[in-house]
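Q: Please take me on a close look at a single spot in this model. I would like to know where it sits and what surrounds it.

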Amino acid sequence: MVEIIRNLILGSITLGVIAGNSDSILKFYDETVAMSRQVATAGDMRTISLMLDYHYLKKGRLPVLKNYDKWLEKNFKENELKAVMTDHWGNPMIYTVSKDKKQYVLVSSGPDGVFDTEDDLRRTGP
């Protein structure tokens, strides 16, 4: 019985500490989620970038824009195509390729969802 009362008291103290620091806990949670989205999107972009670089080394050119979706489907079979070209904020990533098919740019609009702002994530290659 003493053990149960002790656990109830410790639980009450813990809840009181959490309730008293709820703003700090929420801020920490929001910052952690934001950083996780940034890291996960950067990782996805790096993976796509590595596959584009490999394609370029193998074929001497990059996939053209009109065939890019098919290229993604072929190279990322385990994943849904939508998930591959969507960043972790739910926004589409943009792929562009130079006219000579020797350079590409892969861009995520970042947390604000607006392209050409400071928070955009960008990969170029090869």
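A: Let's begin with a word we will need: contact means heavy atoms within 4.5 Å. This is a predicted model, where local features need pLDDT of at least 70 and side-chain atom pairs count only at pLDDT 80 or more, while totals for chains, interfaces and linings use all residues. Residues are numbered from 1 along each chain as its sequence is written, and side-chain values use heavy atoms, without hydrogens and water.

Our spot is Asp-120, found in the loop between S2 and strand S3 (121–125); strands are DSSP runs (E, at least two residues), numbered from the N terminus. Asp-120 is buried (under 20% relative accessible area, 1.4 Å probe, protein chains only). Beyond its neighbours within four places in sequence, Asp-120 contacts Val-107, Ser-108, Ser-109, Gly-110, Val-114 and Phe-115.

Which charged partner is nearest to Asp-120? The nearest side chain of opposite charge is Arg-122, 4.4 Å away, and Asp-120 has no salt bridge (a side-chain nitrogen of Lys or Arg within 4 Å of a carboxyl oxygen of Asp or Glu). Here Lys and Arg count as positive, Asp and Glu as negative, and His and the chain ends are not counted.

Asp-120 does have polar company. Its side chain makes a polar contact with the side chain of Thr-117 at 3.2 Å (N or O atoms within 3.5 Å, one able to donate a hydrogen and the other to accept it; residues adjacent in sequence count only if both atoms are side-chain atoms). A polar atom of the Asp-120 side chain also lies 2.5 Å from the backbone nitrogen of Asp-116.

Finally, S2 itself pairs with strand S1 (residues 94–97) in the antiparallel sense over 4 bridges (pairing needs at least two DSSP bridges). Within S2, Leu-106 is the bridge partner of Tyr-95.

Definitions and conventions
Buried < 20%, exposed > 50% of the residue type's maximum accessible area, 1.4 Å probe, protein only.
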